[in-house]
Amino acid sequence: MQPTFKPLPAAHPAQSATNPNGPALKSRTFHCMGTVISLALPAGAAPQDTGRVLDGAAAAVERVFAGLDEMFSLYRPDSEASRLARGEVTLRDASAAFRARFADATGWRLLTDGFFTPERPDGVLDLSGIIKGYAIDQAATALQAAGVEDWCLNAGGDVLVSGSPAPGTGSPWLAGVVDPLDRAALLSGFPLGAAGRFAALATSGTAERGDHIWRAGVGRTEFRRSEFRQASVAAADIVTADVLATAIVAGGRPMLNWATDSWDVEVLAVLGSGELLATPGFRA
Amino acid sequence: MRIRAAVSAALASAGILLAGWQSGAHVADTGSAAAAASTATSSGASGISGGAPGSSGGSPGAATTATGTFAGSAVQTRFGTVQVQITVNAGAITDVTALQLTDDDRKSVQISNRAAPLLRDEVIKAQSAQVQTISGATVTSDAYLSSLQGALDAANL
């Protein structure tokens, strides 16, 4: 497999000169799972070394993502997920890795009272809701194994970090949360990594226009307007953050309260009207 | 006038403190905070309320409505052990005190982590020039190019 982490063209020349005083970072991006994955490392004292480390780290991350996409993507007709969807194989015949992710997803369905579900309303098993988070988690393991300590991995808006953007300073990574009413602006910021409790931040939203989302649950699959336009969840791990963000958008306030009562998380939710609901951790 | 008002207020406060002290001592004596305290505190309670049960009709039926202090069972929560005690006067809860509300964990003071309405000015603010990464609803590969994360990555090549 050829690594394809080529730099993408800058669409915002005016904004490219951001962060003049912030910590200097180097990043690599690649396309996978229908979105763009970005890995950023502190630029460090020796830029050449950083570049080499970053290329190797990005290649390792891309291998993890590509491998999982090959198995779980419903957009690839030859994937295990697609063969299962077409009924050519059953779960009994599925690989151990596939069944393990299916078990994860059904476990989360129980924990979220059905608001997170691995089944599409048409009955097709779709594990993509859990696979991106799992891929980020596995990529983190690969980065740790490679001895990279300070990094920020962003997969289409879901973030996991390790260490600090300025190694030695103990300063956290600062993640911005997109304002769903104006996607060119930030609604809030949230510190991740360093000595804090949270390394992961995931955001889920209704469709770009914001009108409909599958509001599914055990025995209540239906198509209706969601109460929340967007939900961001900070957690210690990315799978928890990602699954709960999805469940909160699907389940509305009852799921939001269940999440904050039951997990060590911070949540920032944007209602359909644009008003905010937030746990104390998001308060300035 | 003002002095008289202050003196009578002070006296009333002292009376309330004394009554509270008495009922507290009774609770301590009986050891159990529940039923046994009920009769003991009723005298103190009438002292506090200044004969309120009597003024509400003075019927003997008032004796059947609950009066006293009652301790709930200790409940294990995610934030540690929580136990509360309520003080009931003639069927109405007049006070709630926490008997156990702490744990070694620093989260013990934060009993509720529920999300509450917040103004946009009240959340942690961040400008795109200050952040290192952007969280948002999943962007497609196409939308990425015009996204804030796309701009950040472009700046860090």
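**Entry 1: the nine-stranded sheet**

I began with the start of the sheet in chain A, where eight bridges join strand 1 of chain A to strand 2 of chain A (residues 35-42), the two strands running antiparallel. I note at once that I am reading a predicted model. To fix the register of this pairing I looked for facing residues, and found A:S27 opposite A:A40 in strand 2 of chain A. Next I asked which helices pack here, and helix 1 of chain A proved to lie on the sheet, touching strand 1, strand 2 and strand 3 (151-155) of chain A, with a direction that makes about 25° with that of strand 1 of chain A. Helix 4 of chain A (residues 128-145) also packs on the sheet, where it touches strand 2, strand 3 and strand 4 (158-162) of chain A, and its direction makes about 155° with that of strand 3 of chain A.

I then traced the whole sheet and wrote down nine strands in an open arrangement, ordered 1(A)-2(A)-3(A)-4(A)-7(A)-10(A)-11(A)-12(A)-5(B), with antiparallel pairing. Strand 1 of chain A and strand 5 (116-118) of chain B stand at the edges, and each has a single partner strand, so one side of each is left without a neighbour in the sheet. From one strand to the next I read an average twist of 15°.

**Entry 2: the three-stranded sheet**

I turned to a second open sheet, which is formed by three strands in the order 6(A)-5(A)-6(B) and has mixed pairing. Its edges are strand 6 (182-192) of chain A and strand 6 (133-135) of chain B; because each has a single partner strand, one side of each is left without a neighbour in the sheet. The twist in this sheet averages 35° from one strand to the next.

Looking at the pairing within chain A, I found seven bridges between strand 5 (residues 173-179) and strand 6 of chain A, which run antiparallel, and I noted A:A175 standing opposite A:F190 in strand 6 of chain A. Helix 5 of chain B (residues 148-155) packs on this sheet and touches strand 5 and strand 6 of chain A as well as strand 6 of chain B, its direction making about 165° with that of strand 6 of chain B. I checked how enclosed this helix is: seven of the eight residues of helix 5 of chain B are buried, so the helix is largely enclosed by the rest of the structure. The buried residues are B:L148, B:Q149, B:G150, B:A151, B:L152, B:D153 and B:A154.

**Entry 3: the interface and chain B**

I looked up the contact between the chains and found 72 residues of chain A in contact with 45 residues of chain B. Between them, chain A and chain B bury about 5000 Å², of which 51% is on carbon and sulfur atoms. I also asked which three residues of chain A supply more of its area buried against chain B than any other three; they are A:L174, A:L186 and A:L276, with 12% of that area.

For chain B itself I recorded five helices and six strands, which run α-α-α-β-β-β-β-β-β-α-α from the N terminus on. Of the 157 residues of chain B, 29% count as buried. Among the contacts in chain B with a separation of 6 or more, 31% are between residues 24 or more positions apart.

**Entry 4: aromatic rings**

I searched for ring pairs and came to a count of six aromatic pairs over all chains. The rings of A:F30 and A:F65 have their centres 5.9 Å apart and their planes at 70°, so I logged this pair as edge-to-face. A:F30 lies in strand 1 (residues 25-32) of chain A and A:F65 in helix 1 (residues 47-72) of chain A, so the pair ties together parts that are 35 residues apart in sequence. Both A:F30 and A:F65 are buried.

A:W258 and A:W263 form an edge-to-face pair too, at 6.4 Å centre to centre and with 85° between the planes. I checked their exposure: A:W258 is partly exposed at 42% relative accessibility, whereas A:W263 is buried at 15%. These two belong to one aromatic cluster with A:W108. Turning to charges over rings, I found A:R101 over the face of A:Y134, at 3.8 Å from the ring centre.

**Entry 5: a position in helix 3**

My last look was at A:A103, which lies in helix 3 (residues 96-111) of chain A and is partly exposed, with a relative accessible area of 43%. The C-alpha atoms of A:A103 and A:P118 are separated by 9.9 Å, the two residues being 15 residues apart along the chain.

Conventions. Residues are numbered from 1 along each chain as its sequence is written. Chains are lettered from A and ligands numbered from 1 in the order in which they are written. This is a predicted model: local features need pLDDT of at least 70, side-chain atom pairs count only at pLDDT 80 or more; totals for chains, interfaces and linings use all residues. Side-chain values use heavy atoms; hydrogens and water are left out. Rings of Phe, Tyr and Trp (its six-membered ring) pair if their centres lie within 6.5 Å; planes under 30 degrees apart count as stacked, over 60 as edge-to-face and the rest as tilted. Helices (H or I, at least four residues) and strands (E, at least two) are DSSP runs, numbered from the N terminus. Buried means under 20% relative accessible area, exposed over 50%, partly exposed in between (1.4 Å probe, protein chains only). A charge sits over a ring if NZ of Lys or CZ of Arg is within 6 Å of the ring centre and within 35 degrees of the ring normal. Two strands pair if DSSP finds at least two bridges between them. Axes are lines fitted to C-alpha atoms, for helices over the stretch in contact, and angles run from 0 to 180 degrees between N-to-C directions. Contact means heavy atoms within 4.5 Å. Buried area is the accessible area (1.4 Å probe) that two parts lose on being put together, summed over both.
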